[in-house]
Amino acid sequence: MTHIRSLLFIIYSLSFSYAVAQVDSLRIKLDSLLRDPLFETTQVGMMVYDLDADSVLFQYQARQLMRPASTMKLVTAITALDRLGGSYEYQTRIFYTGTIADSTLTGNLYCVGGFDPSLTTDDVAVIAESIRQAGITRIVGNIIGDKQMKEVLDYGEGWCWDDDNPMLIPLSIGRKDIFLTTLRKELERQGVNVADVRLGGDGVMPSGARHLSTYRHSIDVILNRMLKESDNFYAESMFYQTAASSGHRPAKASDARTLTKQLIKRLGLGDNPYRIADGSGLSLYNYISPELLVRLLRYAYSKTELIEHLLPALPIAGVDGTLKKRMTEGNACGNVLAKTGTLSGISSLAGYLTTADGRQLCFAIINQGVMRNKDGKDFQDRVCTALCE
């Protein structure tokens, strides 16, 4: 028995020594990457966390406040999943007032926008069909859009005027304010008489209106495009879904900021002076740290109901989304699942990967002051490759 214990102790000691040597080797490699001439004129903050060992593997300037660019979408996604749940659905609802007699609606249709960014003309065709299936073949009255879900702000706080910014319309098709005209055309195409219909731009559904139908999209549909393709319109819609969960109508961006900061406080980083401006990362007013991104990634990883929705939506290195053309070879390919971020002077990357010996890591890297975004991306790719190997 003594010999067995001695043998086990030797094996444990060797394994421990090997693990320490591996970590030391990795740190040396990452330190060497930080000696790149790039950092004579630019800044970087980064943190790597071993999820299996529950410990920091490497960090450099991890608490520096930096502009996250589109890695801000991770903050938005994780806050929304935590607040709303993975079964949450975006809803576009149809109500009516007046009476339905002899297949004629004498009254108004109200289209209540839920800021679903994914609505298409095909979806409107389904909505029109639901109206016809309710027994309505003629409408005498108005079709009115209710956009009261969110505050009347077309753009986010701190967005640059010369960017190609999406207008934040809570009832739209393809980001355009054409829902009502499209619905009228589709009703007519399906045989509903709309000759006596007038379109109302912005209205408020009265309290006595009766529900006719609801069109739904899952939160996963929104998450996938929001993260894979880094879609700013989708991200802002999710920001306002979080805001709406406060119960305020119209929902305000300030509501989403408050709820985001509440989550940050629960995670133990509430004393840090982070600045949350928008949900997409377009704003120049956002200031967070690599430490915060890693803390949120750790939290999501620890919650099955969060990670099972977050992971499938992240871009995969060398495979799809905004990482399709990055890390196309070696152990990082198909292994790194991460959100990219790009603004003028900013390049960032944050997400998950698996090491060659099977350990699960999460990481965040923010490069700031890079005049060529390629320089930041190349550095991030080298870090991920070193971690995967």
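**Notes on backbone and cores**

1. At 39% relative accessibility, Gln 61 counts as partly exposed, since that class lies between buried (under 20% relative accessible area) and exposed (over 50%), with a 1.4 Å probe and protein chains only. Gln 61 sits in the loop between β2 (55-60) and α2 (72-84), and its phi is near 50 degrees, a positive value in a residue other than glycine.

2. A word on the basis: this is a predicted model, in which local features need pLDDT of at least 70 and side-chain atom pairs count only at pLDDT 80 or more, while totals for chains, interfaces and linings use all residues. Residues are numbered from 1 along each chain as its sequence is written, and side-chain values use heavy atoms, with hydrogens and water left out. Helices (H or I, at least four residues) and strands (E, at least two) are DSSP runs, numbered from the N terminus.

3. Ser 230 also has a positive phi, near 55 degrees. Its place is the loop between α5 (219-228) and α6, and at 17% relative accessibility Ser 230 counts as buried.

4. Do look at Pro 250, in the loop between α6 (232-244) and α7 (253-266). The peptide bond joining Arg 249 to Pro 250 is cis, with omega about 0 degrees.

5. The largest nonpolar core (buried Ala, Val, Leu, Ile, Met, Phe, Trp, Tyr and Cys residues joined through side-chain atoms within 4.5 Å) has 59 residues, and Ile 78, Leu 223, Leu 310 and Tyr 352 have the most contacts inside it. To this core α2 gives the most, with 8 residues.

6. Leaving aside neighbours within four places in sequence, Ile 78 is in contact (heavy atoms within 4.5 Å) with residues including Leu 263, Tyr 299 and Leu 310. A second, separate core of 30 residues includes Val 44, Leu 353, Phe 379 and Cys 384.
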